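Here is a short tour of a protein chain, written for someone who likes to keep the model open while reading. Please have a look at it first.

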Amino acid sequence: MTIPSEMQALLLVGDGYAREPSGSVLEAMEPYVRSGVIGVPVPGATQVLIKVSLASINPSDVMFVKGLYGQPRVQGQPAGFEGVGTVVAAGEDSYAQSLVGRRIAFATGLTNWGAWADYALAEALACIPLIDSVRDEDAAAMIVNPLTAIAMYSIVKDEGHKAFVMTAGASQLCKLIIGLAEEDGYHPIVTVRRDDQIAPLKELGAAHVLNEKAPDFARTLREVMRVEQPRIFLDAVTGPLASLVFDAMPKRSRWIIYGRLDPSDTLIREPGQLIFQQKQVEGFWLTDWMRKHKDRRGPAALEVQRRFSSGSWSTDVTAVVPLDHAMERIPAELAKPNGKVFIRP
């Protein structure tokens with residue numbers, strides 16, 4: 001196919017990091033990205049150029065465009081961490097060349113050249129060749145959430161305790177982990193913000209779904225912790241909620257932080273627990289996990305595709321927004337609960 005010299009993209013307005021926290025809600029696009037035309041990039045030796053079919057929007061994308069993610073923005077470059085598309089060009093690396101013409105799921109975090117565009121640039125090793133039975137909506141959201149679900153659930157299983165805790169229980173990521181846990185007879189304990197989220201999550205396999213806004217939340221939380229004795233806490237929220245959960249957990253618990261949906265201060269309520277109860281606080285970043293566990297990356301990618309192909313996993317879709325309507329529509333679509341929003345070039 002003929003590759004044009006220019007393309008449409010949503011381009012970063014800011015550079016580097018934000019000076020002040022602004023929360024996890026994308027209230028408008030204009031302060032953070034703009035619609036524009038930019039030259040189509042040329043892949044480096046180990047990179048591929050992808051004609052984007054569909055790009056996803058994750059909480060990490062929102063934090064990134066607002067300058068709150070652990071990776072600096074590059075002003076004027078396209079945003080968007082993952083998507084699905086067809087490789088149309090590649091550098092001289094043999095593996096990159098082998099992907100030309102193939103439909104792939106991809107992540108752009110190592111290139112700073114995002115997926116919210118007609119074309120994206122990715123490292124070949126950050127691409128997953130797809131089987132035909134995986135639909136675009138699942139492939140476009142395959143890396144950030146599903147691979148993270150497999151990776152974090154492996155931490156739960158390695159720890160050996162059946163019960164574990166998750167915040168942001170209604171998120172796509174947590175739903176995937178709940179499904180994994182249900183198959184193995186594990187007991188996910190999840191927090192939500194609305195009562196209408198409780199029944200669907202219990203139906204998926206959550207053992208306990210606690211509304212953090214309920215007046216008896218703290219008491220119920222401590223009772224569940226006493227009975228279930230979870231040792232792993234997978235936290236996307238931080239702030240006062242996470243502080244309360246960690247404080248209620250038993251000895252030798254591990255608080256694993258992978259997001260910061262609440263920008264308020266996060267406190268250790270009782271620091272002595274870190275000394276006398278051997279509690280730990282740590283972080284999780286999928287890029288780092290994939291770098292450290294290269295032997296698990298391939299099997300995890302195959303497992304994710306198998307689950308999407310069989311229908312045991314399916315991405316909940318809120319909206320698919322055309323790229324040329326993204327500036328006006330994306331904030332309102334993201335405000336709707338429980339599903340993914342995609343951009344289609």
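What follows goes from the whole chain to one spot on its surface.

Keep in mind as you read that this is a predicted model.

**The chain as a whole**

The secondary structure adds up to 12 helices and 15 strands. With a radius of gyration of 20 Å, close to the 20 Å that the globule rule gives for 345 residues, the chain is as compact as a globular protein of that length. Contacts across the sequence can be put in figures too: among contacts with a separation of 6 or more, 69% join residues 24 or more positions apart. The table gathers some overall values.

| Property of the chain | Value |
|---|---|
| Span of the C-alpha trace along its principal axes | about 65 × 40 × 35 Å |
| Share of the 345 residues that count as buried | 53% |
| Exposed area | about 15000 Å² |
| Share of the exposed area from carbon and sulfur atoms | 53% |

**A nonpolar patch on the surface**

Now turn to the surface, where Ile268, Leu274, Ile275, Phe276 and Val281 form a nonpolar patch. Together, these five side chains' residues have about 470 Å² of accessible area. Which helix gives the most to the nonpolar patch? That is helix H9, covering residues 272–276, which supplies 3 residues.

Phe276 is a good residue to click on, as part of both the patch and helix H9. Is Phe276 buried or exposed? Its relative accessibility is 64%, and the cut-off for exposed is over 50%, so Phe276 counts as exposed.

Definitions and conventions:
Residues numbered from 1 in each chain as written. Predicted model: local features only at pLDDT ≥ 70, side-chain atom pairs only at ≥ 80, totals over all residues. Heavy atoms only, no water. Patch = residues over 30% accessible without salt bridge, like charges linked within 9 Å, V, L, I, M, F, W, Y side chains within 5 Å. Areas by Shrake-Rupley, 256 points an atom, 1.4 Å probe, with all protein chains shown as cover. Salt bridge = Lys/Arg side-chain N within 4 Å of Asp/Glu carboxyl O. Helix = DSSP H or I, 4+ residues; strand = E, 2+ residues; numbered from the N terminus. Buried < 20%, exposed > 50% of the residue type's maximum accessible area, 1.4 Å probe, protein only. Rg over C-alpha atoms; globule rule 2.2 N^0.38 Å. Contact = heavy atoms within 4.5 Å.
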